[in-house]
Amino acid sequence: AANLTFANPSGANPRIDLVVVTPAMADTDSQSRTVLVDPVARTVTPQNVFKTTNPVATLAVVTGTPASSPVPPAPPAGAFALFEVFVPTSASDSTAFGVVPRLFRRAPYPWSTQNGIISGFVPQWDLSVDPATTSSTISFGALDDCKVLIDGEVLETLGVTLEVFQDAGANNPFASAAATHWHKPYYLYAVGGRHAPQRGAVLGAPVVIVESLVPPLATTGHPTSAITTPRGTTTQLGAVYIGLGAVVANSTRRLACVQDAEFTNLTGVTLIGTINILEHVATTANFEPFDVQAPPVVPAISTLVRAQLLSGSTASTGVAVAPDNGAGTGPAIGYGAGYAQPFLPSFTFAGAEQLPSAGVLPVNPGAPKFWVATGAGAGTNAMLIVGFEHKVRRLHY
C-alpha cells in the first residue's frame with residue numbers, strides 16, 4: 001500500500017495525471033564472503049555480497065497540463081502507466097477525482113485476440129422527441145453491466161453512464177446533412193484499451209462511444225480506417241463496432257432508433273413529404289424499377305433491410321418487390337418477369353387505401369436499387385425502408 005500526493009488542482013482548467021510504476025530490483029541480506037580475485041596467483045579477499053535480490057516497484061504521480069480538453073502526460077522512461085486520474089478544476093479534495101485504469105486484463109484463450117460485446121452496450125435513444133425538429137439523445141443505461149472485448153482486453157464500465165462523442169471532419173455523421181429523401185445510417189464504436197486509452201474520466205469509465213461514418217471490418221469489428229477519439233488521436237485497433245445509428249433526412253439531427261437483436265429500427269419513417277419513399281407508377285405486370293430520386297443509403301455491413309409497402313392511389317393487385325441484381329439492370333435472378341415469388345409478400349389494395357405489407361428484403365449495399373411488379377391495375381406503389389440489419393458480434397464467456 002502507498003499514499004500518493006497530487007499537485008493542487010488548477011483554478012482554470014482540468015488536467016489528467018498519470019500514476020506510474022517503475023520496476024527495479026532490491027538487494028538484501030548482505031554477507032561477508034571470501035572471493036577469489038586472481039585465479040592465477042590464487043589471491044582471495046573478503047567482500048560483502050547480497051544473498052537475495054527481490055523485485056520492487058516504485059509508484060509515482062506524473063502531473064499533467066491543465067487544458068479545456070486535457071491529455072495525459074507521457075510516462076517517464078522505464079515506467080508503466082497504471083492509472084489516469086482526472087483532476088477537475090478547483091476540486092476540493094481527491095474524492096472529486098476520476099480514476100481510469102490504463103492496464104486491463106487479457107481475456108483467456110481463445111478470446112485473447114478477439115473483439116466484441118460480452119454484455120450490455122445496447123444503445124438507447126430518446127423516443128419522446130419529434131425528429132422533424134429535435135435531435136434525439138443516445139445513451140447506455142447506467143445500471144447496465146457493459147463489458148466489451150477490444151483486441152483481447154476486457155473493459156468494463158462498472159455501472160457508469162458512457163460518454164458519446166463524434167468522429168472528426170468528414171467522418172462526423174452530423175457534419176453534413178443527410179440526403180433529402182433518406183435517413184443516413186452511421187456506425188457506433190466502443191473505444192478504449194491499450195491501443196486507445198480514453199479519458200471517460202469525468203464519469204470514471206475506461207470506454208467512450210464514438211459515432212462515425214467509417215464502416216467496420218466484417219472480420220474483426222475494428223473500423224476500416226482510423227477514427228478520431230476524444231483525445232484527438234486516431235485508432236483502429238482500439239475501437240470495436242457495437243451498433244448503428246441514423247441522421248434524420250435533410251438534417252443534421254440524430255434520429256431516434258430502436259435496436260433489437262438483429263436490426264436497428266428507424267422511427268419517424270412516414271409518407272410525409274418525400275422522406276424515405278421509393279415510388280412507382282405501374283405500366284406493366286413485369287418487374288420495373290422504382291422511381292428513385294436518390295438511391296437509399298444502406299450500411300456497408302447490411303445485406304438485409306426491413307421494408308414496408310404502401311399505396312396511395314389507384315387499385316392494384318399483387319404488388320411485389322425484389323432487390324437489384326447488382327448491375328442496376330434488373331431484379332435479382334429468379335425474381336424477374338415470369339417468377340411469382342417476391343421477397344416482400346404481395347398484397348392487394350383498392351382506391352386510396354393503404355394496406356401495408358412488411359418484410360425483410362435482401363439488398364446489395366453497393367447497389368441499393370429495388371424493383372417492383374404489379375398485377376392487375378396501374379396503382380402508385382411506395383416502399384419505406386424502416387430498419388437496417390446491424391450485425392453486431394456478441395461474445396459469451
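Let's start with an open sheet in this predicted model. Four strands make it up, in the order β5-β10-β9-β6, and the pairing is antiparallel. Which strands stand at the edges of this sheet? They are β5, residues 105-106, and β6, residues 116-119. Each has a single partner strand, so one side of each is left without a neighbour in the sheet.

If you would like to find one of the pairings on screen, look at β6 and strand β9, which covers residues 147-150. These two pair in the antiparallel sense over 3 bridges. For a landmark, take Ile117, whose bridge partner in β9 is Val148. As a quick reminder, strands of a sheet pair through backbone hydrogen bonds, and they do so either parallel or antiparallel.

Now let's move to another sheet. This open sheet has 4 strands in the order β11-β13-β12-β16, and here the pairing is mixed. The edge places belong to β11 and β16; each has a single partner strand, so one side of each is left without a neighbour in the sheet. On average, neighbouring strands of this sheet are turned by 30° against each other, direction ignored.

Let's walk across it. Strand β11, residues 164-166, pairs with β13 in the parallel sense over 3 bridges. You can spot this pairing at Gln166, which stands opposite Glu211 in β13. Moving on, strand β12, residues 184-192, is joined to β13 by 6 bridges, and these two run antiparallel. Here Tyr187 stands opposite Ser212 in β13. Then 8 bridges join β12 to β16, again running antiparallel. On that side, Pro185 stands opposite Ala246 in β16.

Let's stay with β13 for a moment. How many of the residues of strand β13 are buried? The strand spans residues 207-212, and 6 of its 6 residues are buried. In a regular strand the side chains alternate between the two faces of the sheet. In β13, both faces are covered: Val207, Ile209 and Glu211 lie on one side, Val208, Val210 and Ser212 on the other, and all are buried.

You may have noticed a glutamate in that list. Glu211 has a relative accessible area of 0%, so Glu211 counts as buried. And what does Glu211 form a salt bridge with? The partner is Arg254, and the closest N and O atoms of the pair are 2.9 Å apart. This pair links distant parts of the chain: Arg254 sits in the loop between β16 (239-247) and β17 (257-259), while Glu211 is in strand β13, and they are 43 residues apart. Arg254 is buried as well, because its relative accessibility is 11%.

Let me put that pair in context. The count of salt bridges comes to 7. Another one of them joins Arg306 and Asp260, with the closest N and O atoms 3.0 Å apart. This pair also links distant parts of the chain, with Arg306 in strand β21 (residues 304-311) and Asp260 in the loop between β17 and β18 (263-266), 46 residues apart. Arg306 is partly exposed, at 26% relative accessibility, and Asp260 is partly exposed too, at 29%. There is also a network: salt bridges that share partners join Asp151, Glu153 and Arg194.

One more salt bridge takes us back to the sheet we began with. The side chains of Lys147 and Glu156 meet at 4.0 Å, N to O. Are these two buried or partly exposed? Lys147 is buried, with a relative accessible area of 17%, whereas Glu156 comes out at 22% and counts as partly exposed. The cut-off for buried is under 20%, so these two values fall on opposite sides of it.

To finish, let's visit Thr228. This residue lies in strand β14, residues 227-228. With 18% relative accessibility, Thr228 counts as buried. Which residues does Thr228 touch, leaving out those up to four places away in sequence? They are Gln166, Asp167, Ala168, Val210, Thr233 and Thr234. Two of those names have come up already: Gln166 stands opposite Glu211 in β13, and Val210 is one of the buried residues of β13. Finally, Thr228 and Asn172 are 56 residues apart in sequence, and their C-alpha atoms are 9.3 Å apart in space. Thanks for listening!

How values were computed
Residues numbered from 1 in each chain as written. Predicted model: local features only at pLDDT ≥ 70, side-chain atom pairs only at ≥ 80, totals over all residues. Heavy atoms only, no water. Buried < 20%, exposed > 50% of the residue type's maximum accessible area, 1.4 Å probe, protein only. Contact = heavy atoms within 4.5 Å. Pairing = 2+ DSSP bridges. Axes fitted to C-alpha atoms, helices over the stretch in contact; angles between N-to-C directions.
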